[in-house]
Amino acid sequence: MLQRLGNPSARHLGKRRNRLVAAGLSFGLVIGAGGVIGTVSAVAPISSVQTADAATETPLMVHGASTFGGDLGFYDAGNNQYGICADSARAWPSGTTGPASVNTSFTSDSGYNMSDVELTGANATLSALIPQAVSTNNPTLAAALNAFVYAFTGSNLGGGVERGTFEEGAGYISNSHPEILAAYSDVWNYYLARNTPTSGATTSTPLTFQVDANNYTGTMTVPADVLGSVDVLLTNGVFPATGTNTITGLAAGAVVQVRGVAPDDNTPDWEISAVATVHGQGGAKAELTQWETGSQQRLIAGTGATNSADYQISGHDPVTRTSKFAPVLGTAVTTKFYKVGDKPQDDVTFSTVPFDHQDHSRNNPWYQSSSGAYFPVTATGTLYGPSPVPFAESDTVPAGALVAGHATVTTDKKTGPTVKYTATSDTAVVEAGYYTWVWGIDGSAQPASTQLFLPDAYSFTDRFGQVAETSVVATGLSFSTKLSDTSKAITGTVTDTITPTIHNGAWLQDGGARVPAKLTGQVYWMPTKPVQSPTPNAGAELIGTVSQTLGGPTAATSPSFSVGNRPGYVTVQWSLKQSDQPAKYAGYFTEFTDDFGVPAETVQVVGPTVTTKAQPLSGPGSTVQDTATITGPIPDGGVDTSFAGYLQPEDSTSPVCTEENRIYLSTKPVHADKPGDYPSEKFPVLDGQLGTVFWVETTTLPGTDTVISTGKCGQPGETTLLIPPTVTTVPPTGLVEGDTATDTAIVNGPISDGSTLEFDIYGKKPGETVLVCDDDHKVGETTTPIPVTPGMAEHAEYTSPESGPLPAGDYGYVETLRDKDKNAIVTGGCHDEPFTVSTKPVVVTPPNPPALANTGSDTTGIIWAGGAAAIAVIALGVIITITRRRRTTTIAPVDTTGTTEDINLT
């Protein structure tokens with residue numbers, strides 16, 4: 001390996017006393033008492049490898065690294081077997097390298113024999129670090145290992161440094177490679193930790209145990225200074241990791257869980273102990289692998305062989321373990337509320353709590369026998385109550401607390417504390433109130449086998465008055481009620497007085513006051529008086545609710561509530577329901593509902609009675625109205641009544657009152673605040689509105705759509721007949737020329753305000769045979785219309801004004817009945833009222849006596865000769881007819897040329 005050292009005398013050149021470095025420098029090695037930490041390939045038995053070729057250089061070599069200018073590093077002795085040159089004064093092994101051999105000694109060329117200590121340390125170091133340098137491809141570590149070998153096999157560097165020392169090896173490293181010197185320092189420290197030629201390291205450090213509060217469990221720790229794997233055998237314990245009392249392959253410092261197992265069912269106190277076998281390695285053997293290459297440098301390496309050294313260690317618990325346990329129980333009532341006659345129940349759950357044992361707190365699980373059975377424990381419970389007020393929680397039962405019952409529970413051997421047990425009181429409850437359980441475990445009352453595993457003089461009692469162990473028997477309430485009124489007008493209000501009765505003890509209290517009971521009253525309306533029954537009558541209509549809270553057994557009056565707006569009957573049915581109570585007090589009272597229709601809870605609701613009387617007759621041009629008669633009590637604020645009139649279709653066979661045939665509707669309602677007659681507005685009867693009208697009135701509360709009453713279509717007394725008025729006339733008779741004429745009109749039927757009569761006279765002109773009624777033939781008219789009395793006319797006679805003197809002829813009267821707006825209601829026919837004015841009779845005068853002498857006056861005598869002096873008279877015939885049609889006749893002025901003249905009727 002140092003083939004370039006040249007003359008052997010050169011090995012003594014220079015001394016390296018000033019090149020030493022402090023131990024402990026790190027260069028890729030982690031040195032400790034236990035050895036190199038890292039991945040190191042296993043070392044094959046080198047002696048089994050045969051070579052027949054020259055050793056070769058490897059990349060794991062640093063050229064010029066030696067003090068003498070040579071190389072430091074590894075050679076491949078063949079088949080990747082790495083060796084290190086051991087003879088610094090010889091030439092490098094270029095010849096044929098022989099097979100490897102294992103030697104238990106080594107003597108250097110200078111005569112230095114390696115001791116067993118040095119062989120052991122060198123074997124351990126080379127066996128571990130050569131593979132590490134190869135696996136990490138680290139030529140620096142390889143060069144450092146070469147210097148390490150020269151520390152034992154070198155030529156003493158001129159006698160100034162002792163072989164087998166750190167300084168001897170360091171002397172072979174060039175100053176230009178401080179990194180190799182640092183790595184060499186690590187290698188040397190590694191060697192120093194492994195140069196003890198023992199047959200196996202041992203330790204006196206025991207196994208140690210830690211005990212948990214549950215003293216069945218804990219841990220076992222392997223000593224940190226053991227060398228090798230550890231197998232452990234427990235007594236009175238198992239390893240949870242294996243489920244048995246053995247475990248193998250533990251390393252130094254390992255911590256594993258343990259669990260105690262009592263030795264038998266009669267020994268409650270015991271300890272876990274352990275015996276362990278340590279399968280250690282006692283250090284490397286004092287030997288090396290060696291290759292020979294003639295007279296050239298020998299190559300050496302470690303064999304990897306170690307000494308076997310099994311030994312035993314032991315340990316035990318630091319304190320005595322115990323299988324004793326402290327049973328306790330927790331309970332919760334199965335339900336918070338019970339009824340009278342129930343037997344209260346309690347759900348019991350068992351567990352264990354810590355207790356003191358040998359000055360240590362322990363919390364052991366429930367003891368199970370070697371067969372797995374749980375030791376039985378019996379608990380007794382006492383039920384206290386009733387109390388009208390909630391219990392105050394305390395450690396002890398207060399003096400004087402009432403006892404309501406007892407119960408006993410014993411755990412099952414198969415299930416022990418793993419299940420819940422339900423206990424039932426031996427006595428039923430008979431009164432309302434609060435009840436609470438108190439449970440205890442008396443150690444002296446348990447079976448002997450159980451007592452052995454309980455703490456000395458053991459007993460347990462839970463606290464009195466715990467909320468989870470308290471239940472309630474509800475107060476039983478019923479009640480009677482009485483309304484403030486037996487009769488009330490619609491929209492009025494009433495109150496209800498409620499008197500409660502307690503049936504099963506006291507009224508429960510909470511927070512220093514009685515628990516409130518909320519009652520709800522359902523207000524029903526019926527058109528007829530209700531019949532008392534448990535449930536509402538058929539047809540009962542819910543119109544509202546009212547609530548009242550009772551704070552104790554005294555009577556209370558409800559808030560006022562409305563009886564509604566319809567006549568009939570209102571009754572209240574009161575109930576006490578759990579769902580109505582505050583969540584905090586749901587269940588504190590038994591539910592109760594009184595009867596429906598109880599007379600004392602029923603009020604008759606009365607309202608105004610509305611009847612109507614319609615105007616029986618009317619007609620076009622007139623008006624019509626309906627009148628509501630309101631009697632009985634009227635609500636505060638009064639009522640409004642509206643009217644609607646429906647004209648019946650001509651073909652209807654039954655009353656029809658729909659929007660389609662409605663012809664009259666109030667523009668605003670008529671308000672009434674006291675009994676009386678209230679007429680509707682007057683509705684005008686329009687042209688064409690003839691027939692039968694049915695009236696329907698609707699009475700409501702003012703300002704609302706709330707209907708109090710509604711009339712019935714076609715009801716008697718609610719009918720108006722719409723007909724036109726009739727006018728008949730009596731024409732004049734027996735008139736002769738020069739007479740005046742009058743006409744008499746007879747009026748029947750409905751007459752509206754402001755109606756008037758007018759009379760016109762028409763006459764024939766000479767040569768006409770038919771009377772014509774137009775303005776051209778009008779010979780007289782009424783200048784001032786005649787008022788007609790409004791209302792229902794019955795044979796009312798109206799005489800026209802007297803005409804002027806009429807000439808002989810044929811005439812006719814035409815009468816016209818007009819409304820206040822001058823619209824014609826009835827107009828007579830042109831030929832309905834003809835009359836004739838006759839010529840005066842001719843008077844024959846006897847001859848005069850002889851004429852007297854003319855006195856000189858020129859007197860003309862008028863002689864009326866019968867027939868000779870006939871006056872031509874235009875005969876006019878007038879026929880007056882009464883028609884049911886509204887008709888207006890236009891009359892033109894009459895041509896009065898000749899013997900006729902206009903006649904004014906005044």
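Good morning. I begin with one residue, Phe148, which is buried, with a relative accessible area of 1%. The model on the screen is a predicted one. Phe152 is buried as well, and its relative accessible area is 1%. The two belong to helix α2, residues 139-153, and because they are four residues apart there, about one helical turn separates Phe148 from Phe152.

How do the rings of Phe148 and Phe152 meet: stacked or edge-to-face? They form an edge-to-face aromatic pair, with 5.4 Å centre to centre and 80° between the planes. Phe148 and Phe152 also belong to a cluster linked by ring pairs, together with Phe166, Tyr184, Trp188 and Tyr191.

A second aromatic pair is formed by Trp507 and Phe589, again edge-to-face, at 5.4 Å centre to centre and with 75° between the planes. Where do these two residues lie? Trp507 is in the loop between β31 (496-502) and β32 (509-510), and Phe589 is in the loop between β38 (568-576) and β39 (592-593), so the pair ties together parts that are 82 residues apart in sequence. Trp507 and Phe589 are both buried. The count of aromatic pairs comes to 35.

Rings also appear beside charged side chains. Arg194 lies over the face of Tyr190, at 3.7 Å from the ring centre. Likewise, Arg566 lies over the face of Trp525, and here the distance from the ring centre is 3.8 Å.

Let me now turn to the whole protein. Its secondary structure comprises five helices and 62 strands. Of its 906 residues, 47% are buried. Among contacts with a separation of 6 or more, 74% are between residues 24 or more positions apart. The protein exposes about 41,100 Å², and 53% of that area is supplied by carbon and sulfur atoms.

What lies inside? In soluble globular proteins, nonpolar side chains tend to be buried together. In this model, the largest nonpolar core has 54 residues, and those touching the most other members are Met220, Val232, Leu234, Leu250, Phe350 and Trp439. Strand β25, residues 433-442, gives this core its largest share, four residues. Another core, of 53 residues, lies apart from it and includes Val523, Trp525, Val605 and Ile630.

Val232 deserves a closer look. Leaving aside neighbours within four places in sequence, its contacts include Leu207, Met220, Phe239, Ile247 and Leu250. Asn245 and Thr246 are also among the residues Val232 contacts.

Phe350, another member of the largest core, leads us to a pair of strands. Strand β17, residues 327-333, is mostly covered, as five of its seven residues are buried. β17 pairs with strand β19, residues 345-352, in the antiparallel sense over seven bridges. Within this pairing, Leu329 has Phe350 in β19 as its bridge partner.

I close with strand β53, residues 726-730. In a regular strand the side chains alternate between the two faces of the sheet. Which residues of β53 point to the buried face? Val727 and Thr729 point to one face and are buried, whereas Thr726, Thr728 and Val730 point to the other and are not buried. β53 runs antiparallel to strand β55, residues 744-751, and five bridges join the two. Opposite Thr728 stands Ile746 in β55. Thank you for your attention.

How values were computed
Residues numbered from 1 in each chain as written. Predicted model: local features only at pLDDT ≥ 70, side-chain atom pairs only at ≥ 80, totals over all residues. Heavy atoms only, no water. Buried < 20%, exposed > 50% of the residue type's maximum accessible area, 1.4 Å probe, protein only. Contact = heavy atoms within 4.5 Å. Areas by Shrake-Rupley, 256 points an atom, 1.4 Å probe, with all protein chains shown as cover. Core = buried A, V, L, I, M, F, W, Y, C linked by side-chain atoms within 4.5 Å. Pairing = 2+ DSSP bridges. Phe/Tyr/Trp six-rings, centres within 6.5 Å; stacked < 30°, edge-to-face > 60°. Lys NZ or Arg CZ within 6 Å of the ring centre and 35° of its normal.
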